[in-house]
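Got the viewer open? Load the model, and let's walk through it one selection at a time.

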Amino acid sequence: GGMMDQYSTAMGGLIYLKSEREISIRSLNPLPGAFVLGDSKEKKDTQGILHRCKNSRLEIIKKLKINNPEFSLHSIEINEIANLAKLLKENELELLRGTIKNRDILRKALVELQSENPDYELIGNLLMNHHAVLRDLLKVSTPKIEAMLEAALNAGALGGKINGSGGGGCMFAFAPDNPQAVAEAIEKVSGEATIIRYAEGTKIVFLK
């Protein structure tokens, strides 16, 4: 999505990508084992979802900056949202709450991924926390995706989430120990599963 696919493909491995205020990339130590990508085979309205989530978020920022030019998604705390009830509609408050929760989950995960001995169960839980925000606040999950995630967790995955714009499409599960069992569990609920592993980034190969 956006520039993420291109930078991930070029760099390879596991990266932390920031696009504000300028683009910066940090390589991280890859997690062990494998992930399992599950395709729900459900068509999705990517542009409609992006309009509802991304464009609505930009409108919220514009509204809040009129009242407070110093407003920033990088610094607002979750407990400050209640003070904005007079400025935003309920659905806008919910979207803002989800955005801040996702930001805080990202920050916790980044700290853990940069540690010498990452807690893999914690990372799995953070993936599930992130998915809960996407499901409950941003409303981008589907019953099929939920069934695939539940099957993956029951088969031993440590966590997972819907990915892409949501509303169908794919989910992935973090399965360091038993990716084959997780893949089979996803396929039992009519998903299409692919075991994926880290790879090197793009390289130029000169042929003799």
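Start by selecting Thr 99 and showing its contacts (heavy atoms within 4.5 Å). Leaving out neighbours within four places in sequence, Thr 99 touches Arg 57 and Leu 73. Keep in mind that this is a predicted model, where local features need pLDDT of at least 70, side-chain atom pairs count only at pLDDT 80 or more, and totals for chains, interfaces and linings use all residues. Residues are numbered from 1 along each chain as its sequence is written, and side-chain values use heavy atoms, with hydrogens and water left out.

Now switch on a surface around Thr 99. Its relative accessibility is 14%, so Thr 99 counts as buried (under 20% relative accessible area, with a 1.4 Å probe and protein chains only).

Next, select residues 90-113: that's helix H3, where Thr 99 sits. Helices here are DSSP runs of H or I with at least four residues, strands are E runs of at least two, and both are numbered from the N terminus.

Zoom out and colour by secondary structure. You should find 6 helices and 6 strands, running α-β-β-β-α-α-α-α-β-β-α-β along the sequence.

With the whole C-alpha trace in view, the principal axes span about 55 × 45 × 35 Å. The radius of gyration is 18 Å, which agrees with the value near 17 Å for a compact globule of 208 residues (C-alpha atoms; the rule is 2.2 Å times the number of residues to the power 0.38).

Last stop: colour by burial. Buried residues make up 37% of the 208. Among contacts with a separation of 6 or more, 64% link residues 24 or more positions apart.

Definitions and conventions. Buried < 20%, exposed > 50% of the residue type's maximum accessible area, 1.4 Å probe, protein only.
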